[in-house]
Amino acid sequence: MTLDRFRWVADRALDPFVGLARTVGLSPDGVSVIAFLLAAAAGGVYAVATGQPLLYLAGAVLVFLNGWLDLVDGALARELNVASSAGDLLDHVLDRYADIIIIVGLAAGVGRWALGIAAVTGVLMTSYLGTQAQAVGLDRVYGGALGRADRLALVGVVTGVAAFVQPTLYGLTLVGLLLVVFAVVGHVTALQRFYHAMRALD
């Protein structure tokens, strides 16, 4: 299951935020850059959260804001009728860097670099397979077990909980277990997208 299929629900709640962005003169690209800066701040907070668990709560808020603005930029582009390939490219590049920074920050905070590498590659391959389908003539793929909306929701919820409780399982904290999920399910999602793209090309 993926939250991307429920994007239309969030779209209905975007109007006030799109209106605010227009009022202050923000462009869709400007919103994308602000969203990226929030993700970068979240990664930085996560990297130093060890021993200061309440910082995880600040990171969770920043991640949720990043995800929300990631919806606002597209809605604003449609509202202003300025959607373009260049804007789409910028949005996707910034999203990938945001994903990397957030996951690296999580890994740094718990000192689990091997898990961080596995999680980052899973996330990047998921995104790559989604857009590569479009590059070979198919529709862009958002499906699979774990899309970007799911990842951001999991990061926000898990780190929000980690601000208050610190259980461990097999020597891993909640954040360490989250990295395991991204490492395993991320690659599974990438393979799902590859499988469906190959079937569509047959």
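This passage looks at the annotated membrane spans, one pocket and one aromatic pair in a predicted model.

The unreviewed UniProt entry carries the annotation "transmembrane region" for residues 30–48, 55–77, 97–130 and 175–195. Two of these spans can be set against the model's geometry. Residues 30–48 come out as 95% helix and 0% strand, with 28 Å between the end C-alpha atoms. For residues 97–130 the helix content is 94%, again with 0% strand, and here the end C-alpha atoms sit 16 Å apart.

Turning to empty space, the second largest pocket has a volume of about 160 Å³. Three elements each give two or more residues to its lining, namely α2 (15–23), α3 (28–47) and α4 (54–80). Phe17, Leu20, Ala21, Val24 and Leu26 are among the lining residues, as are Val31, Ile34, Trp68, Leu69 and Val72. In chemical terms, the lining of this pocket splits into 10 nonpolar residues, with no polar and no charged ones.

As for ring contacts, the count comes to one aromatic pair. The partners are tyrosine 46 and tyrosine 56, whose ring centres are 5.9 Å apart; their planes meet at 35°, so the pair is classed as tilted, given that stacked would call for under 30 degrees and edge-to-face for over 60. Since tyrosine 46 belongs to helix α3 and tyrosine 56 to helix α4, the pair ties together parts that are 10 residues apart in sequence. Neither ring belongs to an exposed residue: tyrosine 46 is buried at 0% relative accessibility, and tyrosine 56 is buried too, with a relative accessible area of 5%.

Definitions and conventions
Residues are numbered from 1 along each chain as its sequence is written. This is a predicted model: local features need pLDDT of at least 70, side-chain atom pairs count only at pLDDT 80 or more; totals for chains, interfaces and linings use all residues. Side-chain values use heavy atoms; hydrogens and water are left out. UniProt positions are given in the numbering used here, feature names are shortened, and annotations may be inferred rather than shown by experiment. Helices (H or I, at least four residues) and strands (E, at least two) are DSSP runs, numbered from the N terminus. On a 1 Å grid over the protein atoms alone, a cavity is a set of points where a 1.4 Å probe fits but cannot get out, and a pocket is an open set with protein on both sides within 12 Å along at least five of seven lines; lining residues have an atom within 4 Å of a point. Grid points are joined across faces, edges and corners, and a volume is the space filled by probe spheres set on the points. Ala, Val, Leu, Ile, Met, Phe, Trp, Tyr, Cys and Pro count as nonpolar, Asp, Glu, Lys and Arg as charged, and the others, Gly among them, as polar. Rings of Phe, Tyr and Trp (its six-membered ring) pair if their centres lie within 6.5 Å; planes under 30 degrees apart count as stacked, over 60 as edge-to-face and the rest as tilted. Buried means under 20% relative accessible area, exposed over 50%, partly exposed in between (1.4 Å probe, protein chains only).
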